[in-house]
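Thank you all for coming; I would like to walk you through one structure today, slowly and in a few steps. Please have a look at it for a moment before I begin.

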Amino acid sequence: MQQDDQQSPGYDYEPPGVDHRALPVSVQLTNYEEYFLRGVFGQGGSSVVFRVRDRNGHQYAAKVLTEKASRHSIQRELETYQRIAQNPHINLLTLHLSEKLLNPSPGYRDDVFITEACGPSIKDIMMRAKRDIGNVQSPTFSINAIKSIGRQVGEALFHLEKLKIYHLDIKSANVTFMSTVKYDVDTNLAQPSITMNDLQIKLIDYGNSLPHSTPGIPEIYKLVQPQNLRAPEIFMGIPHSEKTDVWSMGYLMGQMYLGKSIFMSRTGATQIEIQQSQFELIVNRMNATIPEEMIEVSRQGRKCTLDLNFLTNRDGNNHQDFSLNLMRDMSDFPLFEFLLFVLVFNPVERPSFEELLNHKFLANC
Ligand SMILES: Nc1ncnc2c1ncn2[C@@H]1O[C@H](COP(=O)(O)OP(=O)(O)OP(=O)(O)O)[C@@H](O)[C@H]1O
Ligand SMILES: [Mg+2]
């Protein structure tokens with residue numbers, strides 16, 4: 001089931017339903033540069049990302065923002081690109097040009113980021129591999145692939161931390177392979193497994209990134225991160241910190257092992273009910289005890305919408321132990337040992353990126 005891209009990078013992974021005849025021939029910029037459309041890399045919540053070529057045939061990605069994107073978030077995305085430009089990292093997407101469109105389409109803003117072109121995202125590969133084998137089972141990545149990708153995501157985030165930036169949108173759609181990779185799905189195993197010909201990745205999408213606050217000034221609380229990958233402190237109304245992206249990185253590695261979300265709950269009629277059930281699921285799955293001091297910080301902040309009464313009514317022997325429930329084979333234990341090291345409830349006790357890169361699971365790969 002080998003996948004090959006005969007056309008040009010990214011084409012094989014284009015989102016379904018793109019009507020090429022409806023795409024414009026090119027994106028024209030107010031500086032009179034022109035980029036010719038080859039197709040679509042992906043669609044985000046607030047953008048469409050085109051595959052483009054310049055006049056010399058060089059490939060780029062053109063991220064055109066929709067009206068959903070705020071001026072503020074576009075500015076922050078640009079500032080993050082600018083900081084990275086001053087101090088680039090192999091695992092972080094870099095900007096080629098930030099410009100205005102000459103003729104934006106209805107529903108779109110005139111802002112466009114031209115960046116380097118990557119390959120498919122982890123999400124693209126997982127969805128496609130699942131579809132290839134009939135959409136019933138969810139293929140997973142090998143421990144070595146998770147280790148290698150995890151290490152690179154950790155390096156990228158450690159670098160961002162040094163640049164004083166929080167990413168805050170770590171998820172499988174925002175980690176792309178560097179080039180048009182090939183993959184294979186081995187269905188002879190109890191759990192179908194994805195093998196890749198190249199595991200180099202780039203972290204993309206700085207649309208939700210935030211700069212660190214000035215030293216000494218506390219961060220202001222914001223409801224950040226996608227809900228499934230949201231760190232416990234954010235559910236509890238506690239401001240994000242250098243440890244907040246650490247949680248999502250652990251989650252992503254767990255998701256690559258399982259082939260699907262590790263904490264996913266959609267029960268509840270309202271957003272608040274959904275958040276409540278999601279939070280309870282995380283507590284149970286991690287068999288976590290929430291430290292008193294964290295509950296106190298949450299209370300004082302007055303931003304928490306959760307009902308924490310379930311903690312007192314909880315059966316202390318509810319051994320829904322994360323590792324025992326999800327681990328398929330004892331040989332996978334090193335990954336679970338690492339995930340339990342990373343997915344620590346209290347951000348104060350959660351390891352930093354530097355610490356997790358020094359953990360034996362990631363140290364020698
Ligand atoms: N440089 C790139 N190379 C290849 N594919 C890309 C590139 N940039 C974005 N993509 C694809 O387009 C998708 C949407 O891009 P991006 O995540 O930057 O947009 P967004 O609107 O900020 O998304 P979100 O919904 O995560 O907020 C990505 O998930 C990825 O599949
Ligand atoms: Mg994205």
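Let me begin with D205, which is buried, with a relative accessible area of 16%, and I should say straight away that what you see is a predicted model. Which residues coordinate the magnesium ion, ligand 2? The ion is held by N174, through its OD1 atom, and by D205, through OD, at 2.1 to 2.2 Å. These two residues bring together distant parts of the chain, since N174 sits in the loop between strand 8 (165–166) and strand 9 (175–177), while D205 sits in the loop between strand 12 (201–203) and strand 13 (210–211), 31 residues apart. N174 is buried as well, because its relative accessible area is 4%, and the cut-off for that word is under 20%.

D205 also has a second role in this picture, for it forms a salt bridge with K63, in which the closest N and O atoms are 3.2 Å apart. Here, too, distant parts of the chain are linked, with K63 in strand 4 and D205 in its loop between strand 12 and strand 13, 142 residues apart. Both K63 and D205 are buried.

That brings me to the salt bridges in general, of which a search of the whole structure finds 14. One of them joins the side chains of E34 and R55, at 3.1 Å from N to O; E34 lies in strand 2 (residues 34–43), and R55 lies in the loop between strand 3 (47–53) and strand 4 (59–66), 21 residues apart. Are these two residues buried or exposed? E34 is buried, with a relative accessible area of 19%, whereas R55 is exposed, at 60%.

Another salt bridge runs between D111 and R109, with 3.1 Å between the closest N and O atoms, and both of these residues are buried. Through shared partners, salt bridges join R71, K100, R109, D110 and D111 into one network.

Finally, let us turn to the nonpolar side chains. The largest nonpolar core has 87 residues, and those touching the most other members are I125, F141, F177, M236, F279, I290 and L356. At least three of the residues in this core come from each of domain 1 (11–115) and domain 2 (122–363). Apart from this core lies another one, of 16 residues, including L29, V48, V52 and L101. To take F279 as an example, and leaving aside its neighbours within four places in sequence, its contacts are P232, F235, M236, I290, L306, L308, F310 and F345.

Notes:
Residues are numbered from 1 along each chain as its sequence is written. Chains are lettered from A and ligands numbered from 1 in the order in which they are written. This is a predicted model: local features need pLDDT of at least 70, side-chain atom pairs count only at pLDDT 80 or more; totals for chains, interfaces and linings use all residues. Side-chain values use heavy atoms; hydrogens and water are left out. A nonpolar core is a set of buried Ala, Val, Leu, Ile, Met, Phe, Trp, Tyr and Cys residues joined through side-chain atoms within 4.5 Å. Buried means under 20% relative accessible area, exposed over 50%, partly exposed in between (1.4 Å probe, protein chains only). Domain bounds come from an automatic or database domain assignment. Contact means heavy atoms within 4.5 Å. Donors are N, O and S atoms within 2.8 Å of the metal (3.2 Å for Na, K and Ca); water is not among the atoms, so sites may look incomplete. Helices (H or I, at least four residues) and strands (E, at least two) are DSSP runs, numbered from the N terminus. A salt bridge is a side-chain nitrogen of Lys or Arg within 4 Å of a carboxyl oxygen of Asp or Glu.
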